[in-house]
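Open the model in a viewer and set it to cartoon, with side chains ready to switch on. The stops below say what to select and what is found there.

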Amino acid sequence: VEADPAVVGAQPCQNTFEEGVVVPYTVDPDLQPWISMLPDLDIRDLPAARELMAGPKVAMPPLVLPDGVTREERVVPGPPAAPDVRVLIFSPESGTSRSALVYMHGGGFVLGDADGDQELPSLLAAETGAVVVSVDYRLAPENPFPAPIEDCYAALVWVAGNALELDVDPDRIGIGGVSAGGGLAAGVALLARDRGGPALCFQLLDIPELDDRLETASMRQFLDTPLWNLPNAVESWRHYLGPLTARGEVSPYAAPSRATDLSGLPPAYISACEFDPLRDEGIAYAQQLLQHGVATELHLYPGTFHGSGGLVPTAGISRRMRTELVNAARRGLAPKTVPARVHDAVAT
Amino acid sequence: VQGLLLRFSGLDADVEHAFRLISFFDVLVQQQAKPEELLRNAAVVAECAVGVQDLDGRFALRALPDGTVDEERAECGAASRTVTSGYQAWIGRCGDSALPLDEILLERLAIAFIATLGDDEATSAGLGDPALLELVVGQSTAAPERTRAVHLLGLTPWTEVTLLSVLGAVDAVDAFAAELGGGGSSLRRAIIGPVHAIAVIGAMPHDLAIPDGVTVGVGTTTRAVNAPTSWEKAVRALRYATASTDGLDPAARPIVYASELGPFELLAAQLRSSDIRGVADIDVLDELAAEPSGVGLLRTLEVVVHTGSLREAARKLYLHHNSVSGRVARAEGRLGYRITEPTGIARLGLALTLRRLRDTDLLG
């Protein structure tokens, strides 16, 4: 249909650039009808939001594992003096040399679990041949920073330390996640670099939540975009940072956008959605990575909003996003033949 | 936050959820979604097979919750809702398995479907659009597209139409169409390849004068959704039509009805020009036609075959009996068999028919 990108009609969905100037969101036509089927997710009432997520009103499509992929539930050692961490392991058929991807679900650091987000990790296992380990990290506000990211780091350490048992090439371990999971992935990559932890070959940051300062243009502008918007972002960071917020001491491992040195990080894939308040922090992080010599692939998808790819998987734009993501993961986790970079030759 | 969408099966039929569902379909209508897109979205939101069909088996479109669309009709026992235009929307669950919002969904689906078939503005702007009629008669047009084009032509899928295929100069064809349509809006026209296509609402009127130089093949009268069949038959009939040049040409058959072709329809349907070669009888007829007065000779042979008698042929051609006998004898000498014997008439008739089909393969 060559329809004009029409005004989103279902919900009062508009934003104010300047005083009195109302700009409609020109959401992709394939996505538009579905906006009316989005629940009113407002994490300012966190118990209600969690009840909604767990309740019968919200879709949890029955998982059909792709051919050849098996799922296993494991409990792995947690961070020091902390409980063990539950992980879901999606294994493709054994190959000669498998890569691994440590994966984190989304949910603004306060919602969701590994069981509620199995489609993408199982797809990644099937399409890239990687063993995908999805981390059921603890959630804020009950467990604020650093508990969630330390759970993810512990899972990474476990994967690297058990590469032999997992039949995984220890030189091809990547980290990735969606939304808050993407923020956790970027944080774990920083942690692993600074602690001299497991070497990572790739970071997959799908619509990542990276910056607690909430000052980018997209964050200031998108007050009522579907699913994710400034009010939710404020709550998300308030819960995740906990007491740190008040003291103004925010670690770059919590909010990777605050990191001043991104050199030495693994190659990155970053995706951003046009009508997502996280758009500009994703783009900015890609720029910073590039400026620090990190190979980075950045995709900005027009007409999309936060999570639209997973919500309306049949839409053409969602299929494009999925294909690009899978291809990037496949490339990022593939064996490297010539690791030398031009940067090394010309720098200093 | 992936997979966070309201699930139809978890929703009550309260005002809020009804409103959401109505909004869902409203957006699709505003977008002027195609019928397939409408059905696909409806099946995904319903988590169940849904479809739209007419009541007499001519049109059906079904979508499954995985997003596939086909032309199956409703499963037995599906709950359905019929709207005034004669379309029926259905959903593949009923009774105990029915969900609170199913009825609202059916109503919105039926109404949205009618809306996606084209609004008033599009209908008036598109009337007579040649591309639409081409879509309607095209064999490769998908059923939903055909239905949409039928509506845009101002017809319904069950409007009775007769397709005509017409050859001739544009002015002459226009004159014929004017007489046929009486100046009203009951005709739809297009040009397909070298042939004019005309859709007549209802049956073909009889006793029409066909202008000189024009030939007409008349298809069967059928519902608009089956227009491709009528068109196909019209084109087959046209291959047997011959234009008159002076209005009194006794050999001319300027209008041929597919319904009267009998077994000859099969030949026109199956034989392309390239199929008709290596027949010695036809080669001889070609030679005769190329000779001086050959055209007259061939016409005489046509009339002889048509009437089955030299005497009758002579009367029709306003010729003396001996003139006809002389021409027939000349042809017999070249063809090498007796035309006036029953087997000879049949053999000549078939050769003339094949020769005609060879030279009238318009849309091969």
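**Stop 1: a helix in chain B**

Start with helix H7 of chain B and show its side chains: B:Ala172, B:Val173, B:Phe176, B:Ala177, B:Leu180 and B:Gly181 are buried. These residues lie on the same side of H7(B), because they cover an arc of only 160° around the axis. The coordinates come from a predicted model. An α-helix has 3.6 residues a turn, so residues three or four places apart point the same way.

What do the buried residues of H7(B) pack against? Select strand S6 (160-167), strand S7 (187-192), strand S8 (195-201) and strand S9 (215-223) of chain B; the buried residues of H7(B) pack against these four. A distance check can be made here too: at 1.5 Å a residue, the 12 residues of H7(B), 170-181, should span 16 Å, and the end C-alpha atoms are 16 Å apart, which agrees.

**Stop 2: a second helix in chain B**

Select helix H5 of chain B, residues 130-137, where B:Leu132, B:Leu133, B:Val136 and B:Val137 are buried. Viewed down the axis of H5(B), the buried residues fall within an arc of 125°, so they line one face of the helix.

**Stop 3: the antiparallel sheet of chain B**

Now display the open sheet of 5 strands in chain B, with the order S3-S2-S1-S5-S4 and antiparallel pairing. Its edge strands are S3 (69-70) and S4 (79-82) of chain B, each pairing on one side only. Zoom in on strand S1 (residues 50-54) and strand S5 (residues 87-91) of chain B, which run antiparallel and are joined by 5 bridges. As an example, B:Gln53 has B:Gln88 in S5(B) as its bridge partner. Add helix H3 (residues 102-116) of chain B: this helix packs on the sheet and touches S1, S4 and S5 of chain B, its direction making about 145° with that of S5(B).

**Stop 4: the mixed sheet of chain A**

Switch to chain A, whose secondary structure comes to 13 helices and 10 strands. Of its 348 residues, 54% are buried.

Select the open sheet of 8 strands, ordered S3-S4-S6-S5-S7-S8-S9-S10 in chain A, with mixed pairing. Strand S3 (70-76) and strand S10 (296-305) of chain A stand at the edges with a single partner strand each, so one side of each has no neighbour in the sheet. On average, neighbouring strands of this sheet are turned by 20° against each other, direction ignored.

At one edge, S3(A) pairs with strand S4 (residues 85-91) of chain A in the antiparallel sense over 7 bridges. Pick A:Glu73 there; its bridge partner in S4(A) is A:Leu88.

Two helices can be added next. Helix H6 (residues 180-194) of chain A lies across strands S5 (98-104), S7 (168-178) and S8 (202-206) of chain A, at about 140° to S7(A). Helix H12 (residues 316-332) of chain A lies across S8, S9 (268-275) and S10 of chain A, at about 165° to S10(A).

**Stop 5: the nonpolar cores**

Which residues have the most contacts inside the largest nonpolar core? They are A:Tyr240, A:Tyr285 and B:Phe25, in a core of 142 residues. H6(A) gives the most to this core, with 9 residues. Centre on B:Phe25: leaving out residues up to four places away in sequence, B:Phe25 touches B:Leu38, B:Ala42, B:Leu105, B:Arg108, B:Leu109 and B:Ala112.

Apart from the largest core lies another, of 56 residues, including B:Leu133, B:Ala149, B:Ala199 and B:Leu348.

Key:
Residues are numbered from 1 along each chain as its sequence is written. Chains are lettered from A and ligands numbered from 1 in the order in which they are written. This is a predicted model: local features need pLDDT of at least 70, side-chain atom pairs count only at pLDDT 80 or more; totals for chains, interfaces and linings use all residues. Side-chain values use heavy atoms; hydrogens and water are left out. The expected span of a helix is 1.5 Å times one less than its number of residues. Buried means under 20% relative accessible area, exposed over 50%, partly exposed in between (1.4 Å probe, protein chains only). The arc is that of the directions from the helix axis to the C-beta atoms. Contact means heavy atoms within 4.5 Å. Two strands pair if DSSP finds at least two bridges between them. Axes are lines fitted to C-alpha atoms, for helices over the stretch in contact, and angles run from 0 to 180 degrees between N-to-C directions. A nonpolar core is a set of buried Ala, Val, Leu, Ile, Met, Phe, Trp, Tyr and Cys residues joined through side-chain atoms within 4.5 Å.
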